[in-house]
Amino acid sequence: MYITRRGVACLTAALATVWVTSAAAQEFDWKAHSGETITFLANSNPLGQLLIDHADEFEELTGITLEVDSYQEQQMRQRLMTVMNARSDEVDVFMTLPSREGMQFASAGWYADLTPYIQDSVSPDYDADGFGKALMDAATFDGQLTAVPLNIEGPLLYYRTDVFEECGLDAPSSLEGLADTAAKLKECTDLTPFASRGLAPAAPYSFSAFMHNMGGQYIVDGESAMCSPEAKQALTLYSDLLKNYGPPGVVNYSFQQLTALYSAGRSAMSFESSNEFGLIMESGDRLEDTAIVPLPEGPGGSHPTVIGWGMAISANSANPDAAWYFLQWASSPEMQAKFALEGIAPPRAAVADSADYKAWLEESPVRQQWHDALAILAETGTSEIGYPIIANPESREHIGQAIGDMLLGTASVDQACAKADTALNELIARD
Amino acid sequence: MRVEQNHRGQMAAMSMPALVFTVGMIAFPFLYTIWMSFQTYSSTGQVTGWGGDNYLRMAVDGQFWNGIWITLYLYVLSLVMQLVLGTGLALLLFRAKRLPGIVRSLFISPFMMPPVVAGMMWLVILDPSLGAANWILTSLGLPPSAWLASPVLVVPTLAMIDTWQWTPYVALIVLGGLQSLPPSVYEAAEIDGASRRAVFFRITLPLLLPTLVTAMILRSVDLLRFFDLIYITTQGGPSNHSMTLNIYGFRVGFEFFQLGYAGALMVTLSVLVLGAVMAFNRLRAAVEW
């Protein structure tokens, strides 16, 4: 056997790497906080539910007792607000949506800075650099990392291939074409042609993609721009689609009603969160007759909405080190690979490339379409839902109000946008 | 003298837990809310100023006046329906003395259900696309309704749900009143040959007035601060058509971080509730027999 110097050097380097890695693995002790207790404030959406379902694996791995406080999204925030305003340590770790409340919570000092943790206290297989840069940037305020990404999501157009085929229709290829497609569906089938969110606080999640694809912006030169020609076109198209082709009572619709309607086979097109994919496909009824695409491009191009839930540690936590262990476990490549197989799109490229995930995608064309649509969102999407100001949640209410007034026919587009602009300019000035 | 002083001391000591509880759990939060209502807050919950700005803002806030209107509309509609139907149900239960216990229990079961559960149940029943209510209407050849999604029907629908839930409670109170009425008055009316209608309007109803006013006070407190059912079913929608003052205050405070303004709204609501209770108390004193 003949060994060159280069071979010896390579072997030495490889051994050194193995030694360093195994040493680091030995150094990182998952049981370091065994016996401690942390409280997790969870959103009971599919992602939060999966975390809760797998919580016993975390407890077994770390010996940390996890107490779960789970609510629907809005109630979860209200609970958090009560706890944080009282500067209480009742909550150690919580789910958060940086695109919505990130700026507000960061300014209020509610987030613990995760930068030192992710730099110095991770297990060797954590792969802290594996998250998409855009998602990490979205959760970074004033140089401090406030949350670690748990998923990637955005609204997608789910449509019934069997119904489209029966009616001789192709998937809409342009934003304006949506109304034509919905009109033809209305003539051809008894199903609701088009469904999307109408409930005031929830509607901006779906509407923002219409706004951006139409070429509109929420703020132009520091002023609210709901009355720009593009924004008015977007408002008109969105409300007309729902008013003329949406389900009855759509003004109260959020994701729960949309998922129930589409899963029951009662709508032909549904513009709904990618996160609902698992629930929609759960029964198996829609697995064979659904296709998924991003919202078609409009005059302003294609700017789909993309966001991601993150996990944060409370600035008031009495146990941030143990909380970090939970956060690290929940956002680890291993857990995110498991969640991906349940329809939670992974925020890590490596997970998306894994053999198991690919095999899962190949089992059904609709899964592959869901993944491809999300890849487009990740590449070209924007996370601007509502106004990029501290009072973002309140800004969403005014946008939703304009949509609601138009849906009910209580205001014309000019009246609705003018009312929204007045309220939103006050909000911009206040912040 | 010394014994009496000791007794007073003991009485004071024994009242202390109740006093501490009242001050700690009722007076302190209320006073704190009043204090907050004179502060202005930024969108991040930081205090930015002091004064009466929140009350001035309220005067020109269309949403506030809309909240007052919706609160009163819902209150009057629900209270009238519950008093009329509750009295009717009480008379039915009073006369049907041999009604089996299980039937009586079924009559009063709705108000034992948590409002959140009742809200979820009605949300499903009234869903315009998938709910049973519209299925029944269309099966009978009637047009479907938007129920909670209709700006016109949302308040009557909420009043209907609340009436379904709380009528039995009013009926129980009225039933207690009916059982305490003196039989001699009815015997005299019977001897005088009074009709059943005359007996009800000239004897039963006037004698029941103090009981009815008590029921009105109890329901008024709940109805003026109507919250849980609306929060579960409409969250104030569609487009603010069911946004009561309580829901509005909650959203301003807990969703938009405007704690001072939310405090001012809640103080105003408390004054409204207190005013209604005081007015009904006076009424009760006037109709006492």
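In the predicted model, B:Gly237 is classed as buried because its relative accessibility is 9%, a value under the 20% limit for that class. This glycine occupies the loop between α10 (228-233) and α11 (245-254) of chain B. Beyond its neighbours within four places in sequence, B:Gly237 makes contact with B:Leu148, B:Val154 and B:Ser242, and also with A:Asn252 of the other chain letter. A separation of 7.5 Å is found between the C-alpha atoms of B:Gly237 and B:Ala149, although their positions lie 88 residues apart along the chain.

The backbone of this loop shows two further features. The peptide bond joining B:Gly237 and B:Pro238 is cis, with omega at about -5 degrees; B:Pro238 is likewise placed in the loop between α10 and α11 of chain B. In that loop lies B:Asn240, which is not a glycine yet has a positive phi of about 70 degrees. B:Asn240 counts as buried because its relative accessibility is 10%.

A positive phi is also present in chain A, where A:Arg87, a residue other than glycine, has a value near 50 degrees. A:Arg87 is located in the loop between α4 (73-85) and β3 (93-96) of chain A and, at 64% relative accessibility, is therefore classed as exposed. The loop between α4 and β3 contributes to a salt bridge as well: A:Glu90 pairs with A:Arg79 at 2.8 Å, N to O. A:Glu90 belongs to the loop and A:Arg79 to helix α4, 11 residues apart. Both partners are partly exposed, A:Glu90 with a relative accessible area of 42% and A:Arg79 at 22%.

Over all chains, 19 salt bridges are counted. One of these joins A:Glu57 and A:Lys338, whose closest N and O atoms are 2.7 Å apart. This pair links distant parts of the chain, with A:Glu57 in helix α3 (residues 55-62) and A:Lys338 in helix α15, 281 residues apart. A:Glu57 is partly exposed at 28%, and A:Lys338 is partly exposed at 31%.

A further salt bridge, between A:Arg100 and A:Glu101, has an N to O distance of 3.5 Å. Here A:Arg100 is buried at 14% relative accessibility, and A:Glu101 is buried with a relative accessible area of 0%. These two residues form a salt-bridge network together with A:Glu73 and A:Arg77.

On the surface, A:Asp53, A:Asp56, A:Glu60 and A:Glu342 form a patch of negative charge. A:Glu342 lies in the loop between α15 (333-340) and α16 (349-352) of chain A and is partly exposed, at 45% relative accessibility.

Notes
Residues numbered from 1 in each chain as written. Chains lettered and ligands numbered in written order. Predicted model: local features only at pLDDT ≥ 70, side-chain atom pairs only at ≥ 80, totals over all residues. Heavy atoms only, no water. Patch = residues over 30% accessible without salt bridge, like charges linked within 9 Å, V, L, I, M, F, W, Y side chains within 5 Å. Areas by Shrake-Rupley, 256 points an atom, 1.4 Å probe, with all protein chains shown as cover. Salt bridge = Lys/Arg side-chain N within 4 Å of Asp/Glu carboxyl O. Lys, Arg positive; Asp, Glu negative; His and termini not counted. Charge placed at Lys NZ, Arg CZ, Asp CG, Glu CD. Helix = DSSP H or I, 4+ residues; strand = E, 2+ residues; numbered from the N terminus. Buried < 20%, exposed > 50% of the residue type's maximum accessible area, 1.4 Å probe, protein only. Contact = heavy atoms within 4.5 Å.
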